[in-house]
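Let's walk through this structure together, beginning with one pair of facing residues and working outwards from there. Keep the sequence and the 3D view side by side as you read.

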Amino acid sequence: GIYTKEAGAINAGTYVTLKADEEGITVSDSITTTDGAISLDAKKSVNIVGAGGDTTKLTAKGDDGYIDIKAGKDVNVGAVGWADLTSEKSYIKVDAGGTALFSGMTAGTYIDITAEGAITLFYDTIASGTNAAGVGIKILSKGTTLGDIISNSNADMSALTGSIDIVNQYGDITLNSDTISAKTDVMITADKGAVTVGDATTDTLTANDGEIKITAKDNIIINSTLTAGTNVEIESKDGTIDAAQAITATAGYIDVEADGNILFSGALEAGGANAAGFGINIHSGATLGDITLTDDATMNATAGSIKLYNELGTIDLKSDEVVASGDVIITTDAGDIYAGDDTVDFLTATDGKIDIFATAGDIKTKTSMTAGTDVSIASDNGNITVGSALGGSYTVDAGGDILIKTEAGKIDTYAKMKAGKGVKIWAVKD
C-alpha cells in the first residue's frame, strides 16, 4: 500500500496521482496542486486522516484541478482526525466499493459520490457548479449491501447553481442537516427504505427555482420546513408520512401520497396547480390509515383546488383555515370525515364548490363553509352533523345550491345556511 505520513505534505505544480494496485492508500498530510488534478486509486480502502490535531486537506487548484478517488473497499475522509476535500474550479468524484465517509467537501463545479454501502456526511458539502445533467450534488448508495445515507446536523448541503440528487437503492436516508439548499431541484429517493429529513424545527430544505421530490418505499418523516420554487411531491409507496413543519410550493402544487397514515402539523401553501387543477392533493391508499391535519396545518391553494381522498381510513381535518381558489373536495370510501373543531375555523372554495362525501362513514363539520358555487355534504351509509349541539356560531354560505343528504342515517344541523339558489336537506332512510 501507500502511506503518506504526518509532516509528509505533497505539493505539485500540475497533478498528483497515488495508485495502489494490491492494497490501500492512507494520506496523513495535505496534498496540494497549483494547476492540476489529484487522483487516488486503490484496490482496497482509501483513508485520509487528520493527524496531530491538524486538518489534512486535499486541495486541487486550476481549471483542471479535479479530485478523483476510487477504492475497491471503503473511502474515509476524516474518519480519524479531520480532513476535507477542495476542488477550487472543478469537480470531486468518489467511487467506493464499500462505505464512504466525509468530513467536508467543496467543489468549483459538481460533487458526485457513489458507494456500495453506507454514506455518511459529517460536515458541509458545497458545489458551485453542475455536471452535464445540471446536478450539483449527487449521492448514490447502490450496492447489494444494506447501508444508510446519513448527514449530521453540521453537514449542510448547498448546490449553488444546480440540483441535489440523493438516492439509496437498498437502505434508509436520514438527513439531519440544518440546511439543504439547491438552486434548482432537490430529489430524495429511498427505493427500498425510509426517509427522514431534519431533526429540529429550525431545519430547512429549499429548492429555490425548482421542485422538491421525496420518494420512499417505507415511512417518510419530515421535520424540516420545505420550500420549493415550483412543486412539492411526497410519496411513501408502502408506509406513512409525518410532516411536522410548513410546506410551500411557491409557484406550483403540493402532491402527497401514502399507503397508510398521513399527518400534517404545519401550513401547506401552493401557488400553482397540477394538470388536474389541484393546488393541494392528498391521498391515502390501500392500507388502512388516517389523513390528519392539526389546527396549525392550514391549507391555502391560491391558483387551484384542494383534494383530500382516503380509500380506507378517516379524514380528520382540524385545520383552522382551508382556502382554495377553486374547489374543496373531501372524500373517504370507508371512514369518517371530520372538518374543523372550532367556531373560528373556516373552509372556503372562493370560485368553486365544496364537496364532502363519505361512502360508508359519518360526517361531522365544526367549521364555517363558504363556496362560490355549491356546497354538498353527503354520505351513503352514515350520519351527518353540521355545526355543534354544544353551541357556537357556524355558517354554510353557497353562491349556488346547498345539499345535505344521507342515504341511511340521520342529519343534525346547527349552522345558519344561506344559498344563492336552493337548500335541500334529505335523509333518505333514517
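Aspartate 41 stands opposite lysine 70 of strand β9, in what is a predicted model. The two strands concerned are β6, residues 38–42, and β9, and they run parallel, joined by 5 bridges. On to the next pairing of β9: 5 bridges join β9 to strand β12, which covers residues 92–96, and these two strands also run parallel. Here you can use isoleucine 69 as your marker, since its place is opposite valine 94 in β12.

How many of the 5 residues of β9 are buried? The count is 4, so β9 is largely enclosed by the rest of the structure.

Aspartate 68 is a good residue to look at within this strand, as β9 spans residues 67–71 and includes it. Is aspartate 68 buried or exposed? Its relative accessible area is 13%, and because the cut-off for buried is under 20%, aspartate 68 counts as buried. Its side chain makes a polar contact with the side chain of lysine 70, at 3.0 Å. That is the lysine we met at the start, opposite aspartate 41. If you set aside the neighbours within four places in sequence, aspartate 68 touches Ile38, Ser39, Leu40 and Lys93. Ile38, Ser39 and Leu40 fall within the residue range of β6, while Lys93 falls within that of β12.

Now move along to serine 87, which lies in strand β11, residues 82–87. Serine 87 has a relative accessibility of 1% and is buried. What does its side chain reach at 3.5 Å? The partner is the backbone nitrogen of tyrosine 91. Beyond the neighbours within four places in sequence, the contacts of serine 87 are Ala60, Gly65, Tyr66, Ile67, Ile92, Thr106, Ala107 and Gly108. Of these, Ile67 belongs to the range of β9, and Ile92 to that of β12.

Further along the chain, parallel pairing appears again. Strand β44 (residues 346–349) runs parallel to strand β47 (residues 368–371), with 4 bridges between them, and phenylalanine 346 stands opposite serine 368 of β47. In turn, β47 pairs in the parallel sense with strand β50, residues 395–398, over 3 bridges. Alanine 371 has alanine 398 of β50 as its bridge partner.

Our last stop among single residues is isoleucine 404, in strand β51, which covers residues 402–406. Isoleucine 404 is buried, at 1% relative accessible area. With neighbours within four places in sequence left out, its contacts include Ile377, Ile384, Val386, Ile411 and Trp426. For a sense of distance, the C-alpha atoms of isoleucine 404 and tyrosine 309 are separated by 19 Å, although these positions lie 95 residues apart along the chain.

Finally, step back to view the whole chain. It has 54 strands and 0 helices, and its C-alpha trace spans about 85 × 35 × 35 Å along the principal axes. Of the 430 residues, 52% are buried. Among contacts between residues at least 6 apart in sequence, 42% join residues at least 24 apart. The chain exposes about 16,600 Å², and carbon and sulfur atoms supply 47% of that area. As for charge, there are 29 positive and 61 negative charges, whose mean positions are 4 Å apart.

Notes
Residues numbered from 1 in each chain as written. Predicted model: local features only at pLDDT ≥ 70, side-chain atom pairs only at ≥ 80, totals over all residues. Heavy atoms only, no water. Pairing = 2+ DSSP bridges. Buried < 20%, exposed > 50% of the residue type's maximum accessible area, 1.4 Å probe, protein only. Polar contact = N/O pair within 3.5 Å; in protein donor to acceptor, adjacent residues only side chain to side chain. Contact = heavy atoms within 4.5 Å. Areas by Shrake-Rupley, 256 points an atom, 1.4 Å probe, with all protein chains shown as cover. Lys, Arg positive; Asp, Glu negative; His and termini not counted. Charge placed at Lys NZ, Arg CZ, Asp CG, Glu CD.
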